[in-house]
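Reader: I am new to this structure and would love a friendly, close look at one part of it. Could you start with the sheet and then follow the chain around it?

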Amino acid sequence: MAKELPYFKFEPSQWENGNIQLCSFEAQGIFMNICAMYWQRLGNLPYKLALQKVCGGNASALQSLCDNDVIKLIDDHLCIDFLNEQLAE
């Protein structure tokens, strides 16, 4: 992680009104952990790494995030649009 990027922007209104609200509290917590890991790795997060490190191999919560368009899976890597926008700034 670059020292210039110690944190990402979080907007409570987008959280409260976004698709994340369709997910369980467990999946919401997993999402926050994935966001931190994603940011730390500058947007390069393999699905398998997140699955093992954050989800302990249990794919159901991670699948819920994908099914509700909170995160995307592209070429075996996770993609989080709002973080990608901030990384591009």
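How many bridges join β1 to β3, and do these strands run parallel or antiparallel?

Author: Happy to help! What you see is a predicted model, in which local features need pLDDT of at least 70, side-chain atom pairs count only at pLDDT 80 or more, and totals for chains, interfaces and linings use all residues. Residues are numbered from 1 along each chain as its sequence is written, and side-chain values use heavy atoms, with hydrogens and water left out.

Two bridges join β1 to β3, and the two strands run antiparallel. One place to find this on screen is L45, whose bridge partner in β3 is L78. Helices (H or I, at least four residues) and strands (E, at least two) are DSSP runs, numbered from the N terminus. Two strands pair if DSSP finds at least two bridges between them.

Now step back to the whole sheet. It is open and made of three strands, with antiparallel pairing and the order β1-β3-β2. The edges are formed by β1, residues 45–46, and β2, residues 72–74, each of which pairs on one side only.

From β3 we can move to a helix that packs with it. Helix α4 spans residues 59–67, and its buried residues (under 20% relative accessible area, with a 1.4 Å probe and protein chains only) are A61, L62, S64, L65 and C66. An α-helix has 3.6 residues a turn, so residues three or four places apart point the same way. If you look at what covers the buried residues of α4, you will find, among other parts, β3 (77–79), along with the helices α2 (25–40) and α3 (47–53).

Next, follow the chain onward from α4 towards the edge strand β2. In the loop between α4 and β2 you will meet N68. This residue counts as buried because its relative accessibility is 19%. The side chain of N68 reaches back to S64, meeting the backbone oxygen of that residue at 2.9 Å. S64 is itself one of the buried residues of α4. N68 also has partners from elsewhere in the chain: leaving aside neighbours within four places in sequence, N68 is in contact (heavy atoms within 4.5 Å) with N19, L22 and C23.

One more residue is worth a glance in this stretch. D69 follows α4 and has a positive phi, near 60 degrees.

So here is your path on screen: begin at L45 and its bridge partner L78 in β3, turn to α4, whose buried residues β3 helps to cover, and finish at N68 in the loop between α4 and β2.

Note on methods: Buried < 20%, exposed > 50% of the residue type's maximum accessible area, 1.4 Å probe, protein only. Polar contact = N/O pair within 3.5 Å; in protein donor to acceptor, adjacent residues only side chain to side chain.
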